[in-house]
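Reader: I have a model on screen and want to learn how to read it. Where do we begin?

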Amino acid sequence: MAGPAHEAFAGGAAVITGAASGIGEGLAREAAALGMCVVLADIAGERLEKVAADITAAGGKALPVLTDVADPTALDRLADRAYAAFGSIRMLVNNAGIETVVYSWELPIERWEQTLNVNIHGVVHDVRAFAPRMLADAAPAYIANVASIGGLGVMPLQTSYILSKHAVIAFSECLYLEMQLQKKPVNVSVVVPGPVATRIFADATASEAGASAGSATAHRGIMRRMLSQSGLPPRDAARLILNGIAAQRFWVSTHPEITAHMAKARAEHLASLATPTLSDETRQLLAT
Ligand SMILES: NC(=O)c1ccc[n+]([C@@H]2O[C@H](COP(=O)([O-])OP(=O)(O)OC[C@H]3O[C@@H](n4cnc5c(N)ncnc54)[C@H](O)[C@@H]3O)[C@@H](O)[C@H]2O)c1
């Protein structure tokens, strides 16, 4: 199990949000296999207990903490529990996230609020809850915020998700610079996964009525099939992510070629102040 991730993380404690499924679950299982004590946070209680029980049964140390990342005070409680249990936290991964597929104006108020609260405020307030203690610790620590390759582009109907991922990237860039000013060994990474085979589109809100109904259902179905058929297995994604965090890379990717392609396309688009254009690929994706 030797390697950069093992060297950086073995014997330390990790806190992972959204740890009851997909990428977060993969990260929890892989971090435990590296010899980390893992604090697992999620709203899905049963799945959370199952992942924790599996890790414990395999000889690892797991502390499940039922947490709604949309509630800033729950994140304060999560930090209190994590520090009370392990004294020091080496890695914090803000991974919990949700998807929506619907025209912006058709997404109900509650789901708009929920998406922004989970995908953006969940990340911001978890950093607010943990960073002061990580800085006070003076030991090397790692914060990784999970955005998406979607944060490097735009996509109609996934608007609330896409804007939240742009925000996570901008937040992480500012946070990285803030940590530089502090001159403390707290490293910041932003994770931009490509397609990973998880339940995220199965759980996504897709409009069933209104102008986007047909497109939304088609789009969600295509994305769901694409992830299950050709998405990276979550544990493979988790290994790549942990190695990237350990190497103190700011941009951590699961699909470097797609990430580079999207970043270049976005940079060129912005450099020429181009008007947003629907590509043939996007039209096809949204075909009803
Ligand atoms: N799967 C992909 O292809 C992909 C691609 C790019 C980015 N991402 C990002 O990776 C992250 C993980 O997604 P995934 O694909 O593993 O999805 P997933 O649906 O399999 O897992 C997400 C987990 O977050 C939990 N969660 C949802 N709301 C929560 C809340 N309020 N509080 C606590 N936990 C909550 C869910 O219960 C679930 O266990 C997300 O931020 C997602 O945007 C995924």
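**A buried alanine**

Author: Ala19 counts as buried, at 0% relative accessibility. Keep in mind that this is a predicted model.

Reader: Which cut-off makes a residue buried?

Author: Buried means under 20% relative accessible area. Ala19 has 0%, so it counts as buried.

Reader: Where does Ala19 lie, and which residues does it touch beyond four places in sequence?

Author: Ala19 sits in the loop between strand 1 (13-17) and helix 2. Leaving out residues up to four places away, it touches Gly24, Glu25, Ala28, Leu40, Ala41, Asp42 and Val51. For a longer span, take Ser189, 170 residues along the chain from Ala19. The two C-alpha atoms are separated by 18 Å.

Reader: Now the helices. How do I read the packing of helix 2 with helix 8?

Author: Take the distance and the angle of the axes. Helix 2 (residues 22-33) and helix 8 (residues 234-246) have axes that come within 8 Å and cross at roughly 65 degrees. The crossing is right-handed.

Reader: Which residues make that contact?

Author: From helix 2 come Gly22, Ile23, Gly26, Leu27, Arg29, Glu30, Ala31 and Ala33. Helix 8 supplies Pro234, Arg235, Ala238, Arg239, Ile241 and Leu242. Sorted by class, the contact has eight nonpolar, two polar and four charged residues.

Reader: Back to loops. What is the backbone feature to note at Leu157?

Author: Look at phi. Leu157 has a positive phi of about 75 degrees, although it is not a glycine. It is placed in the loop between strand 6 (141-146) and helix 6 (159-182). Leu157 is buried, at 3% relative accessibility.

Reader: What is phi at Gln248, and is that residue buried or exposed?

Author: Phi at Gln248 is positive, about 60 degrees, and Gln248 is not a glycine either. Its loop runs between helix 8 and strand 9 (251-253). Gln248 is partly exposed, with a relative accessible area of 45%.

Reader: What does Gly150 contact, neighbours within four places aside?

Author: Gly150 is in contact with Ile162 and His166, once those neighbours are left aside. Gly150 lies in the loop between strand 6 and helix 6. With 12% relative accessibility, it counts as buried. The C-alpha atoms of Gly150 and Met262 are 8.8 Å apart, with these positions 112 residues apart along the chain.

Reader: How exposed is Ala209, and where is it?

Author: Ala209 has a relative accessible area of 55%, so it is exposed. It lies in the loop between strand 8 (205-206) and helix 7 (213-230). Its C-alpha atom is separated by 9.6 Å from that of Val102, 107 residues away along the chain.

Reader: Zoom out. How many helices and strands does the chain have, and how do I judge its compactness?

Author: The chain has ten helices and nine strands. For compactness, compare the radius of gyration with the globule rule. The radius is 19 Å, close to the 19 Å that the rule gives for 288 residues, so the chain is as compact as a globular protein of that length. The C-alpha atoms fill a box of roughly 50 × 40 × 35 Å along the principal axes.

Reader: What about burial, contacts and surface?

Author: Buried residues make up 49% of the 288. Among contacts between residues at least 6 apart in sequence, 72% join residues at least 24 apart. The chain exposes about 13200 Å², and carbon and sulfur atoms supply 57% of that area.

Notes:
Residues numbered from 1 in each chain as written. Predicted model: local features only at pLDDT ≥ 70, side-chain atom pairs only at ≥ 80, totals over all residues. Heavy atoms only, no water. Axes fitted to C-alpha atoms, helices over the stretch in contact; angles between N-to-C directions. Helix = DSSP H or I, 4+ residues; strand = E, 2+ residues; numbered from the N terminus. Left-handed = near helix turned anticlockwise from the far one by under 90°. Contact = heavy atoms within 4.5 Å. Nonpolar A, V, L, I, M, F, W, Y, C, P; charged D, E, K, R; others polar. Rg over C-alpha atoms; globule rule 2.2 N^0.38 Å. Buried < 20%, exposed > 50% of the residue type's maximum accessible area, 1.4 Å probe, protein only. Areas by Shrake-Rupley, 256 points an atom, 1.4 Å probe, with all protein chains shown as cover.
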